[in-house]
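Good morning, colleagues. Please look at the structure on the screen while I speak about its salt bridges.

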Amino acid sequence: MRSSGSSTGAGWLQRVLPQSLLGRLTLVMMIGVLLTQLVGNIIWAAQRRAEALSETGTAAQHLAHSAASAVRFFLSLPPNYRPLIIQQFREMGGTRFLVNINQAPVQVRAIAGQELADAALKQVRATLKEDLPNMADVRLAFAWPEKLPVGDDGATIADLPDTWVQHILLTKPAPVLLIQVEMDPGHWLYLATLMPNPYFLETGNPLTRDRLLLQALSLAAVLLLSIMVVRWITRPLAALSEAATAFGKGGNAPALPETGSREFVNTARAFEAMRQRIQRYIEDRERLFVSISHDLRTPIMRLKLRTELLDDEDMQSEFHDDLDELDMMVKGALQTVKDSDIHENPTEVRLDALLGRMVRDAQLAGHAVSFSASGLSVAAKPLALKRAIGNLLNNALHYGRQVELAVREQAGNIEIEVRDHGPGVPEEALPGLFEPYVRLEHGRNQNNSGMGLGLGIARGIVQAHGGELLLANAPGGGFRATIVLPGGAFVPL
């Protein structure tokens, strides 16, 4: 047994999913493209991360060797020569490192939380420890060049001449590597430089603006092509649906173009062959019943004339009753065939005018019928709809002392209700009321001239309009027949 939870989940999914084939195929294509891009980005990001870590480690190692050489060079100089050499470096320009000597390490705001920066610092520290095993105190950090201090006197990079820092202050800010080494007590060597790839931190981010733009463009292109292909595939199906709907309502079904995929062409041919067979069947059925009616009425009339020649009045009356019953059966069978297939063009039907005339006719005949104007109209075949409502009204007038007609708009549909205050119908008999020639006991007592065909004919007409006829016992007693016509309802100006 299926649990209520699974039924609820399936119902929720059914409401969320698009109802059209175009919408569902587009959704599937979009989800497929997104998942493909997501998996591809994850794999590419993992490979790019590994490559970036390897490249950053190699670059940091080379940079650390150069820094170790610079430290060894300054260690080999007498302390009083070191400022002179630094000044010569600044005047020469083009050196890899910005060099300064401070009395204490400079405090900087380090870049934190960057995997590539941490990996580079780890590699630099390991290389310096290997090249300078006697250096006890080494300070390493990456920092942004904005307001970056270079000396213990408070000077920043921005305060220095351009020729001193032209290799650091780039047009686009790049992280600066700071190496501070204590050479002697009170003498800290300050080295600032850029990585060989100044913007190496960006290589660790796979979702760059350019890549996101490329992904969005590719997704848009795939979706556009998918929608075009899906529309090309589903357009013939929409034409087939329209043709089937028109044929089901008795209209002229438009010819289906035999173009498109092989499957649709085969379907269109099969539909056209089926439509022709059904049309021939309907025409043959109508001709058959007309012929039967014509062939039977002639001998029935001859038999009625011959019964007039009988001397026994009782036997004459019995013959007349049997012949009247046979004539009624022939007329009822012919009516079943023809009345449910009235050839009309749908038009705007003003329900107040239609029902008002029917109510006035019933009131003139002495029946108690009430009706309230609704101002609603519906697109329908006028004579067919009148015949369907008339059958329901006649039934109600036979079985109820008082009849009420009501018209309302409900959930986009038009509902026409015919309610009587008669004895109603046993619940177990409701499903069989549409069967031809079915009449309940109280129906035969109230209306001995009926054939039990009215409800079936009314339902056939309503279904030909794409609607539904609902039968039920009314609350408080009586019987209620409701015609539900979908869509096409509007309030006339």
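Is Glu272 buried, partly exposed or exposed? I should say at the outset that this is a predicted model. In that model, Glu272 has a relative accessibility of 23% and therefore counts as partly exposed, since the buried class lies under 20%.

Glu272 also takes part in a salt bridge: its side chain meets that of Arg275, with 2.6 Å from N to O. Why are these two residues separated by about one helical turn? Both belong to helix H7, which covers residues 262-307, and Glu272 and Arg275 are three residues apart in it.

I turn now to Arg350. This residue forms a salt bridge with Glu348, and their closest N and O atoms lie 3.9 Å apart. Because a salt bridge is counted within 4 Å, this pair qualifies. As for accessibility, Arg350 is partly exposed at 46%, and Glu348 is likewise partly exposed, with a relative accessible area of 36%.

Next, I would draw your attention to Glu415 and Arg408. Their side chains meet in a salt bridge at 2.9 Å, N to O. Here the two partners fall into separate classes: Glu415 is buried, with a relative accessible area of 15%, whereas Arg408 is partly exposed, with 32%.

Which residues are linked with Arg408 in a network of salt bridges? They are Glu415 and Glu417.

Finally, how many salt bridges does the structure hold? The total is eight, and those I have described include Glu272 with Arg275, Arg350 with Glu348, and Glu415 with Arg408. Thank you for your attention.

How values were computed
Residues numbered from 1 in each chain as written. Predicted model: local features only at pLDDT ≥ 70, side-chain atom pairs only at ≥ 80, totals over all residues. Heavy atoms only, no water. Helix = DSSP H or I, 4+ residues; strand = E, 2+ residues; numbered from the N terminus. Buried < 20%, exposed > 50% of the residue type's maximum accessible area, 1.4 Å probe, protein only.
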